[in-house]
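Here are my notes on the model you sent round. Have a look at it first, then read on.

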Protein chains: 2
Amino acid sequence: MNISALLTSAGINIGFCALFLSLYSILRKQPSNVYVYFGRRLEKENSRYEDPFTLERFVPSASWIMKAWEVTEDEILTIGGLDAVVFLRIFVFSIRIFSITAVVCVFGVLPVNYFGQEMQHGRISSESLDVFTIANVKEGSKWLWVHCTALYIITCSACSLLYSEYKNISQMKLAHVTGSPPNPSHFTILVRAIPKSTEESLTDIIRNFFTNYHGSSYLSHQIISRTGRFQKFMSNAKKVYKKFVRIRVTALDNKCRPSLYRCGLCGVVSNSFQFYHGDYNGKSTDLQHSDTRKRKECSAAFVFFKTRYAAVVASKVLQTSNPMQWVTGIAPEPCDVYWPNLWIPFRQLWIRRLATLLATIVFMFLFLIPVTFVQGLTQLDQLQQKFPFLNRIPNKAFVIQFVSGYLPSVILQVFLYSVPPMMMMFSTVEGPISRSGRKRSACCKILYFTIWNVFFVNVLSGSVISQLHIFSRPKDIPAHLAKAVPRQATFFITYVLTLGWASLSSEVLQTFSLSYNWMRKYIFRLKDDPNAVPSFPYHTEVPKVLLFGLIGFTCSILAPLIVPFLLVYFFLGYLVYRNQILNVYSSYYESGGRMWPIVHNTTVFSLLLMQIIALGVFGTKDAPVASGFTIPLLIFTLLFSEYCRHHFNPIFKNFSAQDFIEMDREDEQTGRMKDIHMQLLTAYCQLPPPTSNAEETYYDDSVIGDAHNQVTI
Amino acid sequence: MNISALLTSAGINIGFCALFLSLYSILRKQPSNVYVYFGRRLEKENSRYEDPFTLERFVPSASWIMKAWEVTEDEILTIGGLDAVVFLRIFVFSIRIFSITAVVCVFGVLPVNYFGQEMQHGRISSESLDVFTIANVKEGSKWLWVHCTALYIITCSACSLLYSEYKNISQMKLAHVTGSPPNPSHFTILVRAIPKSTEESLTDIIRNFFTNYHGSSYLSHQIISRTGRFQKFMSNAKKVYKKFVRIRVTALDNKCRPSLYRCGLCGVVSNSFQFYHGDYNGKSTDLQHSDTRKRKECSAAFVFFKTRYAAVVASKVLQTSNPMQWVTGIAPEPCDVYWPNLWIPFRQLWIRRLATLLATIVFMFLFLIPVTFVQGLTQLDQLQQKFPFLNRIPNKAFVIQFVSGYLPSVILQVFLYSVPPMMMMFSTVEGPISRSGRKRSACCKILYFTIWNVFFVNVLSGSVISQLHIFSRPKDIPAHLAKAVPRQATFFITYVLTLGWASLSSEVLQTFSLSYNWMRKYIFRLKDDPNAVPSFPYHTEVPKVLLFGLIGFTCSILAPLIVPFLLVYFFLGYLVYRNQILNVYSSYYESGGRMWPIVHNTTVFSLLLMQIIALGVFGTKDAPVASGFTIPLLIFTLLFSEYCRHHFNPIFKNFSAQDFIEMDREDEQTGRMKDIHMQLLTAYCQLPPPTSNAEETYYDDSVIGDAHNQVTI
């Protein structure tokens with residue numbers, strides 16, 4: 001690939017991006033797509049979108065970019081929660097560090113690479129891209145100190161930026177805990193592995209234990225029951241009943257429409273529903289009451305305390321001398337509780353964790369099979385020799401081009417789409433008690449998967465499985481990577497250009513959600529469902545962004561041309577995701593910024609990988625001095641990582657006694673405590689409350705693969 | 001080596017053992033050695049040993065064995081504390097498991113090995129030892145299932161024995177916590193990294209913080225001061241003063257002796273000291289008082305609480321939103337506190353831990369240099385070719401035998417003696433706050449060191465450094481070990497015979513302490529110092545015993561002949577250490593059985609290593625079925641280890657709320673609480689109290705290498 005080809009490719013991609021973005025700016029103005037592009041806003045602000053028919057609706061505009069740009073961080077915090085802010089901080093950090101990298105690499109490293117060999121340079125546009133990589137630098141060249149200096153500058157600025165981000169985010173997290181309105185989860189602990197007894201009922205056992213050992217602060221408790229088959233049947237029956245109630249209401253409220261559409265599957269307009277709410281509510285509590293006896297109690301319960309401090313204390317202390325009984329932990333927020341996992345016996349958890357770890361690793365390696373097959377397709381003639389039946393494929397040029405040029409990436413994409421749901425399933429089996437915890441766990445799994453399967457497997461591409469043996473000789477890894485990464489630099493540039501930019505366009509356009517909406521509306525003739533607003537798919541988006549960061553760091557020194565394209569990606573991503581958080585996704589639950597330690601660790605890993613590869617490169621280029629200078633940098637980065645782990649990590653895992661005691665005192669003084677206690681008793685509700693918002697509050701995204709099909713539920 | 005040579009060697013060693021043990025049984029009856037062999041008893045029971053001169057004193061007897069055998073576990077518990085019981089449980093466990101192994105291996109594996117090849121067997125006494133190892137089994141032999149079954153039997157019985165031991169010891173630990181008299185450490189937390197202020201004094205800061213946030217349970221606090229140079233000078237001056245006081249008393253009390261011996265270096269008879277005690281005590285408190293102002297306060301303090309539960313709560317909860325300030329942890333027992341480390345700023349700890357980890361690893365590898373040199377000496381002719389100056393060594397047979405046969409092991413032993421003090425130094429630098437913690441940390445380091453340098457380096461012997469590369473190919477390790485371990489089986493048998501048995505003889509004879517005592521008495525003419533009773537050197541003895549366990553497990557299947565010798569070692573060791581705990585060592589401080597998790601993990605590691613080696617052996621012997629059956633065993637062992645970690649480990653790290661609350665209630669009801677609070681305030685005393693027992697209570701064993709030179713202090 002030469003420069004002009006790269007520029008052509010970039011031009012095409014820029015064209016496509018511009019096209020998609022203008023398409024978006026038109027589509028978002030169409031009233032029929034309002035639930036696709038303004039789901040969160042409609043849901044939260046309870047307003048109906050009405051727009052007169054004007055010509056302006058069909059003129060592309062950049063107003064959404066301006067709107068996304070102008071929103072302040074505080075507004076994002078109130079709209080999307082701390083998680084959204086943390087997610088956007090990844091972009092801010094990336095833009096900052098890659099701006100520095102761009103300056104260093106374009107003005108320092110690039111000229112050294114370009115003039116590395118004593119050769120006749122032609123016109124720049126026809127130069128091969130290899131001329132701009134470190135492969136062009138002579139062995140034993142004295143100019144490698146430029147690369148080494150660049151390494152120092154990048155590492156040091158990345159570390160200082162990371163430090164300040166971690167510090168800011170932990171302060172934000174603290175302010176979020178102390179500044180937000182009273183949170184039921186702060187007063188509640190989840191007790192698991194409660195020993196059962198034939199003499200006492202479970203509720204008596206819990207009451208006796210906590211009044212005995214935490215008498216002064218114990219308030220109440222709520223047993224968690226396992227929803228059995230009967231419960232599921234009742235719950236389904238209730239749903240059907242609800243639908244029919246809705247339909248009757250609609251029939252009363254609206255004008256008659258052909259009854260064809262009003263079967264049990266139809267959605268109804270939500271604001272006509274309040275009518276029957278009270279009545280239904282009364283019935284439901286009766287139902288709930290009779291259910292409770294039939295449900296199986298499981299040995300877990302929420303225990304409420306009078307103060308936040310008491311809850312923290314009860315969650316931290318080992319309750320009895322048997323560490324497998326009365327296991328306590330701070331409870332998740334009410335809407336963050338993942339009810340289906342609460343019945344899992346505590347003693348199963350460690351084995352589930354091990355099993356899912358194993359399953360994830362096996363899945364990661366099994367994924368190599370389709371990857372290898374796909375890579376085989378690009379060498380069709382070789383495949384034809386091995387499998388004679390492939391000879392029947394007509395030897396026409398466009399068929400071959402289709403099979404070897406287009407099919408592989410389609411197959412790979414299809415396989416890649418299966419990854420998030422698989423990982424989500426593994427995370428569910430693992431047994432987390434909160435939905436945010438499950439998402440975080442899936443995020444880590446997808447992250448490892450992406451880094452392994454996109455970065456490492458591509459770097460060692462060609463014959464992945466035959467190259468696996470290099471991992472059995474850890475010492476040779478730097479040298480191998482040093483050879484492979486510059487060779488793959490072109491691939492990574494096109495990866496950023498196509499997949500990176502395209503993923504942003506598809507994100508903003510919500511292609512899947514849009515086509516689903518159209519199908520729903522014009523083929524099945526269903527009405528809009530205002531409650532099907534998806535929550536932000538952090539578990540798929542965070543790994544994507546972090547992967548580009550990893551590619552950026554590892555390639556920056558070796559092939560500096562990648563950095564400008566990455567910068568464009570991050571800048572565009574920053575705008576797009578701000579827009580999406582403002583308009584599309586709702587935040588039903590949040591982890592309180594616990595995503596950041598993952599981001600931090602991955603970035604540190606990227607820095608270390610960058611340094612190890614540089615070490616290998618300096619080794620193969622015969623530059624012992626540069627190699628020698630890289631080692632202290634490695635040690636410094638490791639020390640920095642340990643330092644941050646000690647200074648900030650505990651904040652994300654624990655609540656501080658000082659803060660909680662002061663919040664308790666304030667509530668006592670203002671007399672709010674009584675109200676909080678009253679609210680506490682009803683805060684955690686295992687059965688979905690029968691209001692119209694119920695479905696989405698208790699909405700299960702376990703089967704959701706990509707962000708886009710979340711709307712299906 | 002053949003069987004008769006082995007039996008000769010065993011005979012010689014048995015002879016030596018018998019000789020040493022009878023020597024011990026005579027020496028222990030001599031009044032001059034009473035402080036060497038009955039230090040603990042004399043110190044604790046405050047009795048003077050008086051023995052009339054009888055002939056019986058010079059007749060060897062086995063009465064000490066009977067006495068050691070008859071003592072019950074409860075007596076050991078009261079005498080030596082939980083740590084001593086846990087230490088002896090290692091022997092009980094080893095005797096049990098190796099009895100099973102002996103039966104399985106001698107009746108199952110040994111015949112299979114012996115008749116493995118179709119060959120003419122000569123007389124058993126002249127058979128090579130290799131005939132009894134797995135090396136004698138044909139490739140692809142069907143009889144390898146015997147080895148596989150033996151592996152299953154050993155692993156399963158080891159796991160069930162380990163489980164029951166862990167269970168028993170954790171119950172013992174719990175009973176120890178609840179059953180023992182009120183312990184000041186249960187009411188006390190150690191607070192570190194207290195923020196300093198220019199406006200308030202440190203003591204005000206602490207008082208304000210704890211009355212504000214833990215007001216209902218806060219009792220008092222005690223600031224820790226850093227002993228500076230002035231303090232050291234004062235402390236030394238005090239010691240000299242004390243000595244002179246003692247001497248004057250001795251002069252009054254005893255008959256006059258030539259004044260030559262009564263310099264500042266002399267020891268005095270302790271029971272004549274009470275005389276001046278009160279007077280001196282008064283002076284010392286004055287001194288202490290004036291000191292306190294001059295001492296530097298460091299940002300750490302002991303904080304006392306009214307109840308045990310409150311202390312546990314305060315130690316567990318994150319105090320403020322800055323995780324590097326107000327760091328709390330449960331305090332060690334008063335006599336377990338390692339004062340010199342308390343001044344270390346908390347923020348230094350993580351870096352110290354990393355540095356010592358690095359230093360330990362470097363030390364472990366640097367140790368290969370003397371080992372290689374020593375191994376080179378055994379091939380003197382090769383060395384002479386390389387270093388011509390060695391040719392000047394006279395070529396007489398005995399010189400060569402001396403240089404190549406005796407010198408290497410002496411040099412190695414000298415180097416090995418330097419290991420415990422080095423590791424103890426590393427552990428001190430690491431910054432543990434308790435003496436038991438420091439010993440435990442040193443124990444782990446010595447354990448890793450021993451396993452690496454005795455097991456792995458010997459297995460890969462000959463050219464250690466040239467074989468290091470096998471660790472860069474993890475996949476090949478099992479095959480390498482499978483080849484190397486059977487080859488080294490003979491070496492390990494002689495290792496057990498000589499070093500194992502000899503170390504027990506030297507332990508019971510206390511060679512170092514004995515000769516030091518003689519020197520002291522008959523050359524320097526010093527009197528006995530009844531306070532110089534050493535504490536049990538767990539950090540050197542536990543690794544030794546565990547190493548023999550490791551050798552036993554790894555060799556049992558491959559060379560079953562080793563097992564009987566090991567059984568003798570463990571049985572003898574059981575008796576010897578019981579005797580030593582009863583008579584010799586004192587227990588000033590204890591870790592409460594926290595040694596057991598280390599023992600458990602090491603044993604699980606040994607089992608895994610045994611299985612990995614077996615896997616390698618089955619691989620090289622072409623027995624895929626046996627290999628296949630070994631893998632589930634590996635997984636089972638890993639699962640077992642995880643299971644135990646979850647079920648028992650928390651007990652060794654935390655105190656349970658239930659137990660503490662009930663202990664608190666009992667003390668409240670019996671009215672003992674007031675007394676306990678009074679005692680608390682004086683429990684932790686940074687300056688050694690000026691009573692005669694002070695010196696050994698605050699006795700510093702940082703410079704102690706082997707067990708034997710502990711008496712030197």
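The points below cover the background, the two copies, their interface and two helix pairs.

1. Some bookkeeping. Residues are numbered from 1 along each chain as its sequence is written, while chains are lettered from A and ligands numbered from 1 in the order in which they are written. This is a predicted model, where local features need pLDDT of at least 70, side-chain atom pairs count only at pLDDT 80 or more, and totals for chains, interfaces and linings use all residues.

2. How the copies relate. A turn of 180 degrees with a shift of 0.0 Å along the axis lays chain A on chain B with an RMSD of 0.0 Å (least squares on the C-alpha atoms of residues with pLDDT of at least 70 in both). That is the relation of a two-fold axis. Both copies use the same surface, as 100% of the contact residues of chain A recur in chain B.

3. The interface. Chain A puts 29 residues in contact with 29 residues of chain B (contact: C-beta atoms, placed from the backbone, within 7 Å). On the side of chain A that touches chain B, at least two residues each come from helix 10 (308-316), helix 11 (349-366), helix 24 (624-653) and helix 25 (657-670) of chain A. Helices here are DSSP runs (H or I, at least four residues), numbered from the N terminus. Helix 24 of chain A gives the most, five residues. By class, the side of chain A that touches chain B has 15 nonpolar, nine polar and five charged residues (nonpolar: Ala, Val, Leu, Ile, Met, Phe, Trp, Tyr, Cys and Pro; charged: Asp, Glu, Lys and Arg; polar: the others, Gly among them).

4. Helix 11 against helix 15. Helix 11 of chain A also packs on helix 15 (residues 419-430) of chain A, at about 165 degrees and with axes 8 Å apart. Axes are lines fitted to C-alpha atoms over the stretch in contact, and angles run from 0 to 180 degrees between N-to-C directions. The two helices of chain A, 11 and 15, are therefore roughly antiparallel (over 145 degrees). Among the residues of helix 11 of chain A that meet helix 15 of chain A are R352(A), T356(A) and F363(A), and the helix 15 side includes M422(A) and F426(A). This contact divides into five nonpolar, two polar and three charged residues.

5. Helix 5 against helix 6. Helix 5 (residues 73-114) of chain A packs on helix 6 (residues 144-179) of chain A at about 165 degrees, with axes 10 Å apart. Helix 5 and helix 6 of chain A are therefore roughly antiparallel too. Their contact has 18 nonpolar, five polar and four charged residues.

Methods:
Contact = placed C-beta atoms within 7 Å. Parallel < 35°, antiparallel > 145°, perpendicular 65-115°, else oblique.
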